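What follows is a short report on one chain. It covers the aromatic rings, the sheet and one serine.

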Amino acid sequence: IIPDGVTRIGDTVFAHNNIAGITIPNGVTSIGEGAFFNNQLTSVTIPDSITSIGRQVFCRNRLTSVTIPNSVTSIGKGAFSYNQLTDATIENSTASIGDNAFSANQSTASNLKIHGYTGSTAQAYATANGHTFIELIYRYTVTYNGNGSTGGTAPIDSSNYEAGATVTALGNTGSLTKTGYTFAGWNTKVDGTGTDYAAGATFTM
């Protein structure tokens, strides 16, 4: 167990063990070279506090899939090589990806699917190394704000929307109130000069 408060995992600190599971706490920002080299990891969750994954960090484990969050800007050489990966998702479109970062996972390179955005470094890496590239679709959220309300709570829309999707404006489900005002709907700008949307109105994302 890596305790909370750790911000960096040092070089080769857990290498050459039989570790089958690990929890990396949120707050860790970088993982040093070979930190988990040659273990028995079958899965790992990379928190979105991490910005850098060093060389051969997870090399020679048993990972079958991995998601590398948008916070990661650098993936070192051989970082995920010699695993059993069939899927690797790289959320940062401009992350630097070192040579052989995902090599030797499948006997046929195309059996490893690299998921990323069109025009990203993930796509370039997949193309250069013969992996199958799977396009990620940008998704958007709608956030409601009480804008100085004196009571109640703003509604929460937990949906994710693709571009072109139809969105329905929520009602005042949290009973927002503001002294001297009556709720009439939503506006896209704090000062009310944006676009008005009544509860139940629809718009295109």
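Rings of Phe, Tyr and Trp (its six-membered ring) pair if their centres lie within 6.5 Å. By that criterion, F14, F36, F58, F80, F102 and Y125 form one aromatic cluster in this predicted model.

## Aromatic rings

The structure holds nine aromatic pairs. F58 and F80 make a stacked pair. Their ring centres are 5.3 Å apart, and 20 degrees separate the planes. Planes under 30 degrees apart count as stacked, so 20 degrees qualifies. The F58–F80 pair links distant parts of the chain, 22 residues apart. F58 sits in the loop between β3 (52–53) and β4. F80 sits in the loop between β5 (74–75) and β6 (87–90). F58 and F80 are both buried.

## The sheet

Four strands build an open sheet, and their pairing is parallel. The order is β4-β6-β8-β9. β4 (65–68) and β9 (132–135) are the edge strands, each pairing on one side only. From one strand to the next, the twist averages 15 degrees.

β8 covers residues 113–116 and pairs with β9 over four bridges, in the parallel sense. The table gives two positions from this pairing.

| Residue | Partner in β9 |
|---|---|
| I114 | F133, standing opposite |
| G116 | E135, bridge partner |

How do β8 and β9 connect with helix α1, and in what hand? Together, β8, α1 (residues 121–129) and β9 make a β-α-β unit, and this unit is right-handed.

## Serine 120

S120 lies in the loop between β8 and α1. Is S120 buried or exposed? Its relative accessibility is 4%. Buried means under 20%, so S120 counts as buried.

The side chain of S120 also reaches a backbone atom: the oxygen of Y117, at 2.5 Å. Which residues does S120 touch, leaving out those up to four places away in sequence? They are S93 and F133. F133 has already appeared above, in β9 and opposite I114. S120, in the loop after β8 and before α1, therefore touches a residue of β9, because contact means heavy atoms within 4.5 Å and F133 meets that test.

## In brief

The sheet is open and parallel, with β4 and β9 at its edges. Buried residues include S120 in the β8–α1 loop and the stacked rings of F58 and F80. Both of these rings belong to the aromatic cluster, as do F14, F36, F102 and Y125.

Note on methods:
Residues numbered from 1 in each chain as written. Predicted model: local features only at pLDDT ≥ 70, side-chain atom pairs only at ≥ 80, totals over all residues. Heavy atoms only, no water. Pairing = 2+ DSSP bridges. Helix = DSSP H or I, 4+ residues; strand = E, 2+ residues; numbered from the N terminus. Axes fitted to C-alpha atoms, helices over the stretch in contact; angles between N-to-C directions. Right-handed = clockwise from strand over helix to strand, strands pointing away. Buried < 20%, exposed > 50% of the residue type's maximum accessible area, 1.4 Å probe, protein only. Polar contact = N/O pair within 3.5 Å; in protein donor to acceptor, adjacent residues only side chain to side chain. Phe/Tyr/Trp six-rings, centres within 6.5 Å; stacked < 30°, edge-to-face > 60°.
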